[in-house]
Amino acid sequence: MNLLSDTVTLSRMQFALTAIFHMLWPVLSTGMAIYLVVVEGLWLKTRNPNYYYHARFWSKLYVLNFGIGVASGLPMEFQFGTNWAPFSEAVGDFFGSILGFEGAMAFMLEAGFLGIMLFGWERVHPAIHYLATVMVAFGANLSTFWILVANSWMQSPSGGEMVNGKFVVSDYFQAILNPFMARSVSHMFLATLETSLFVIGGISAWYIINQRHQAFFARSLKIVLAVAIAVTPLQIYVGHLSAEQVYRYQPTKLAAMEAKWETSPAGQPADWSLLALPNEKQEFNSWEITIPNGLGYILEFKANLSEPVQGLKEWPVNERPKMVGLIYYSFRVMSGIGFFLAGLMLWSLLQWLIGNLSPEKISQQKWLLRTWMLAAPLGYIAVESGWIVRCVGRQPWAVYKQVRTVDAASNLPASNVLTSLICFAVIYSTLLVAALYFGSRIIRRGPRLDLPLPGSEDKVAMSTEQANFVKDQRPVEAQQ
């Protein structure tokens with residue numbers, strides 16, 4: 001089949017392009033908003049000017065990400081009406097309302113307080129400004145919550161049933177609190193926070209290694225490290241819980257994640273595939289490196305399986321995910337980055353404990369700082385890989401076991417979809433170049449440490465003397 005003449009494939013490629021590009025921006029803004037809450041809170045508590053300058057500097061990168069995120073996110077929602085109209089008609093009563101909540105509750109909340117956070121330093125009371133920063137962070141993360149509710153429901157639809165091709169909601173809260181929701185929201189929340197921490201840390205390391213504002217950015221590096229001590233191991237644990245969830249609710253996805261073709265029965269150990277070359281046509285792995293008895297320990301922390309792990313051959317070809325190799329390696333990239341970031345956190349923590357992260361010594365830790373710079377983009381790669389596993393692994397279903405992807409796509413001419421796909425690719429490439437340009441300019445300029453602190457400027461003296469009355473000398477006609 002010619003992919004350029006298949007409407008469903010082109011629509012999937014277009015949605016993948018818009019989703020992958022859009023994901024780059026809210027991943028940073030949601031986590032960085034929490035960092036801004038922390039540093040502004042420290043400034044209000046200690047009145048240390050360095051924390052104030054941190055809040056002013058990092059907020060510039062925040063608003064850049066926010067703007068690109070808004071511009072790239074709107075087309076995604078429009079696609080549900082253009083490229084995926086049958087999907088919207090089938091599940092819109094629930095899915096559409098959840099996206100509406102995201103726009104009305106979360107985005108409007110974030111956007112409404114953003115102006116106060118950016119421009120209100122001298123215009124509102126410090127407590128009101130801090131409230132605005134908190135509400136921006138709350139709105140950004142509330143947006144993540146509603147998006148994950150919608151996607152989790154697609155992974156494990158509940159709270160109703162399909163009636164004549166349309167999902168009828170019988171229990172709205174059950175649909176929101178679907179089996180995938182809690183772990184998915186937690187996993188994504190930690191992913192955005194972890195990504196933001198290592199981006200801030202990587203940028204701080206760049207300044208230090210280039211001997212620019214070393215004491216200033218040593219402070220930001222220590223702040224992100226202090227938070228990463230809790231976030232990185234917790235993310236690994238929540239990721240494990242998410243894998244257990246897939247094991248229970250989506251066995252086809254688990255089989256694709258492990259490139260597992262044959263079923264491993266209950267009560268017996270099973271090897272875990274570390275690396276492999278899946279061959280979908282022949283339904284086996286052309287080569288493979290395995291860890292004996294590893295799968296049971298990964299899934300259940302014991303050698304023998306309590307339940308069977310089904311292989312892909314248990315399902316007809318049209319009931320399994322395609323692109324097994326992509327799913328298999330995306331999962332390993334995501335997991336590998338998670339462990340790498342945890343290892344970097346431990347290495348940095350050790351250097352901190354022995355005093356090597358002091359402003360006087362931190363610039364000597366060249367390899368540590370270079371590793372932080374290397375780690376800056378890794379969170380993005382892990383998040384994108386995780387979403388590939390999540391969405392590609394769900395196939396051939398748009399809504400798992402309810403709506404097939406081939407039935408969810410609009411009946412459009414393939415040429416029209418190809419044209420819009422090319423236009424999106426050009427526009428998003430332009431936005432990416434612009435974001436990199438302005439972001440690098442913000443970083444090259446660095447923080448402004450000469451900004452006056454709020455409330456520190458001399459106020460204009462106001463006279464309290466009684467003014468003399470001056471009679472209006474204009475003609476009577478002009479006074480009316």
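This is a guided walk through the structure above, from its ring pairs to a pocket and a hairpin. The model is predicted, so to speak of local features we need pLDDT of at least 70, and side-chain atom pairs count only at pLDDT 80 or more, while totals for chains, interfaces and linings use all residues. Residues are numbered from 1 along each chain as its sequence is written, and side-chain values use heavy atoms, with hydrogens and water left out.

Let's start with the aromatic rings. Rings of Phe, Tyr and Trp (for Trp, the six-membered ring) pair if their centres lie within 6.5 Å; planes under 30 degrees apart count as stacked, over 60 as edge-to-face and the rest as tilted. There are 30 aromatic pairs in the structure. Take Phe57 and Phe217: their centres are 5.7 Å apart and their planes make an angle of 80°, an edge-to-face pair. Phe57 belongs to helix H2 (residues 49-82) and Phe217 to helix H7 (residues 214-249), so this pair ties together parts that are 160 residues apart in sequence. Helices here are DSSP runs of H or I with at least four residues, strands are runs of E with at least two, and both are numbered from the N terminus.

Are these two rings buried or exposed? Phe57 is buried at a relative accessible area of 2%, and Phe217 is buried at 0%. Here buried means under 20% relative accessible area, exposed means over 50%, and partly exposed is in between, using a 1.4 Å probe and protein chains only.

Now look at Phe94 and Trp153, whose ring centres are 5.1 Å apart with planes at 45°, so the pair is tilted. Phe94 lies in helix H3 (residues 85-119) and Trp153 in helix H4 (residues 126-155), so parts 59 residues apart in sequence are tied together. Phe94 is buried at 0%, and Trp153 is buried at 0% as well. Ring pairs also link a cluster, with Tyr35, Phe57, Trp58 and Phe217 among its members.

Rings can also have a charge over them, which here requires NZ of Lys or CZ of Arg within 6 Å of the ring centre and within 35 degrees of the ring normal. Arg332 sits over the face of Tyr328, 3.7 Å from the ring centre. Arg390 sits over the face of Trp387, at 5.6 Å.

Next comes an open space. A pocket is an open set of points on a 1 Å grid over the protein atoms alone, where a 1.4 Å probe fits, with protein on both sides within 12 Å along at least five of seven lines; lining residues have an atom within 4 Å of a point. Which residues are closest to the centre of the second largest pocket? Of the 46 that line it, they are His187, Gly239, Phe331, Met334 and Ser335. Helix H10 (324-353) is one of the elements that give two or more residues to this lining, and H10 gives the most, with eleven.

Finally, turn to the strands, which pair if DSSP finds at least two bridges between them. Strands S3 (residues 272-279) and S4 (residues 284-291) run antiparallel and are joined by six bridges. Ser273 has Thr290 in S4 as its bridge partner. Four residues stand between the strands of this hairpin, where Glu283 takes a positive phi near 60°.
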